[in-house]
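Me: Before we discuss how the parts of this model meet, please show me the sequence and the structure.

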Amino acid sequence: MVNLMKRSRIAFFGHTSCKGCFFEFLILEKKILEILKGAEIVHFELIKEYNEEGPFDITFMDGATSTKEELEMLKKIRKDSKFLIAMGTCACWGGIPSIKNLAKNLRVAYPGRVPQKSIETTPIDKHVRVDYYLRGCPINKDEAFEVIRDLLNGKIPREKDYCVCVECRMKGTRCLFEDGIPCMGPITYAGCGAPCPAIRAACDGCRGPLPDGNIGQEIKLLLDYGISREDIKRMFSKYVSFYKKSGEIK
Amino acid sequence: MSHHTFEIKNLTKVEARAKLTIKLEDKEVKEANLQITEASRYFEAMLRGRKYNEAASITQRICGICSVAHTIASLKSVERALKIQPSQNTIDLRKLLLIGGHLHSHLVHLYFLSLPDYLGFESILEMSSEKHELVHRALRLEKISTDIIRIIGGRPIHPVSADIGRFTDVPNKEKLETMLNKFKEMKEDAIKTAELFMSFKTPDFQSITRQCALKKVGDYPLYDGKVSTIDGFEYDPKDYKKYLKEYMKKYSTAINVRFNDERLMVGSLARFNLNHKNLTDDAKELLNSSGMKLPNHSPYMNNLAQAIEIVHFIDRGVEITEKLLSSGLKKEQIKIKPKGGVGIIAVEAPRGVLYHHYKLDKNGIIQYANIITPTEQNLDSIENDIKRIFPTIFHLPKKRITLELEKLIRAYDPCISCPTHFLEVEFI
């Protein structure tokens, strides 16, 4: 996968997002220096004056695709990249910026003219093949580090295919449902380390729906906890990731 | 007559994408267009129809480096609309969270985005072998600042515990003590940071603008206060529409804001000019030894103001944490009854005054939202400064011109994701 004989070339690109995932990555602190022993960060406009063109061995693609320019760039980035990582919920699912697709009137956000032709805001895998989904709003920096470490060691990183509840149990966090707080943990991809329930804030599903999550049962639970159907729809449409599942709210 | 255009296609080391185009006629600068190429983000449109309790977690995603400020601004605006008054403990904990956010943002800007320019490196990554100790200090400080946000907010980017009228959970005595030690641990490195930025020579360049910041008697406010201009005019944030005018430029996806049709500047330098009397003793001492004259109108001095603010925020962080340790924190429960209302408030984000304005219907559904970010208020001043500084650097090689322009732009610490709801520099 990644050539061990030469220093791997890592690139970071950002499209429509808040760039929070980049800042989360920068909190890796000394681990960044560790990465630099085996690899070179050749493209990262947020922190670098000189940014090289491809080819890249590992590319982190942050942000959703929401303009024609971004779409063209994305296609080129895919062509230039051996291993492409969708970085964060915007790239993986569309995320917060794609609430735009559901908004009735976009003009109200700007005084006067809407500045540019916007296309439907989409996750990047609508347009290109993705090799790894680094989910979360924001990503978990330690997962990002593990992915790079695996790739530099010639190993294909494995995604975590269990729900947030597993990580709450591992941490010894008391289930929020037991305190009467409805939570989306049971149907949401883990990998975040469940920081939200640990501070008694409900999981809001930022990492997106697990393919085998029992959506029907979760909806029933939420209704039992007094959440209205309309509010469940709102919860499902926050990162847009669960939006397609809102048909199950009956 | 010779027409000529100077472009920097992609401004780096700023938060998100922007491009600079300078149009010249007989070596005279006709236009300097800072074109924000970041996609339009439509937050105000997205908020319509969403519920009051979703506003904070949606708007914190406007910006990954000032998400704390957006979170708190949003909560305050919703509380104002619902007529909810949070407890003093909640307010104190929010102030601490804001301090954590300001520390993190300033440290990233100073060490990751600005410092390499001053030391002649391409990036902080390139500095790691030659400036080993400096890089370690940067990483150490940045890490502790995010630990502070994590203790209170649950995670450093997009914290989750700050809630309407309360926190979902509050740090216990042990966590408050850990936080106190973290603030104290940062102090020596923070003083060294301020001394480092004091040692850099910056161009003698003045930019007269209406500087604005929050003002409150006896305080260096972040959380509340009236908006005050450098010449002493004050207004309540709720009257912002009387004084601030939002408009679009044809070449950019960003909103621009002016004060009574005058150029504005907000951020650390404005806060310094307006509130320096209320800096902590150690921060005042650094200010005095720096020789920085106040009021100061050099945008380059914004970096030094940020560096000294770091020391001030640490001292304030220690004070508030000690206060909370002696009073003790209790988890609060709150019952919210949705109702109609309007909430217009302002806080100091790391880059300056940030306004959130919502109107809720009787069911607590957002009918109208307007957000004015600090960078929107600074954009006109940045463009005007570029226009003025360009003739003085025009004789230099292209690479140097680019670097000098980028230094000026970065001094303002523009956050480009924010007003698109920002830079490539193109020299055609």
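Reply: Two residues are in contact here if their C-beta atoms, placed from the backbone, lie within 7 Å. The model is predicted, so local features need pLDDT of at least 70 and side-chain atom pairs count only at pLDDT 80 or more, while totals for chains, interfaces and linings use all residues. Residues are numbered from 1 along each chain as its sequence is written, and chains are lettered from A and ligands numbered from 1 in the order in which they are written.

Me: How many residues does chain A give to the contact with chain B?

Reply: Chain B brings 54 residues to this contact, and its side divides into 22 nonpolar, 17 polar and 15 charged (Ala, Val, Leu, Ile, Met, Phe, Trp, Tyr, Cys and Pro count as nonpolar, Asp, Glu, Lys and Arg as charged, and the others, Gly among them, as polar). From chain A, the contact takes 54 residues.

Me: Which strands stand at the edges of the sheet β12-β13-β14 of chain B?

Reply: This open sheet of three strands has antiparallel pairing, where strands (E, at least two residues) and helices (H or I, at least four) are DSSP runs, numbered from the N terminus, and two strands pair if DSSP finds at least two bridges between them. Strand β13(B) is joined to β14(B) by six bridges, and Leu360(B) stands opposite Ile366(B). Each edge strand has a single partner, so one of its sides is left without a neighbour in the sheet, and these strands are β12 (341–349) and β14 (366–372) of chain B.
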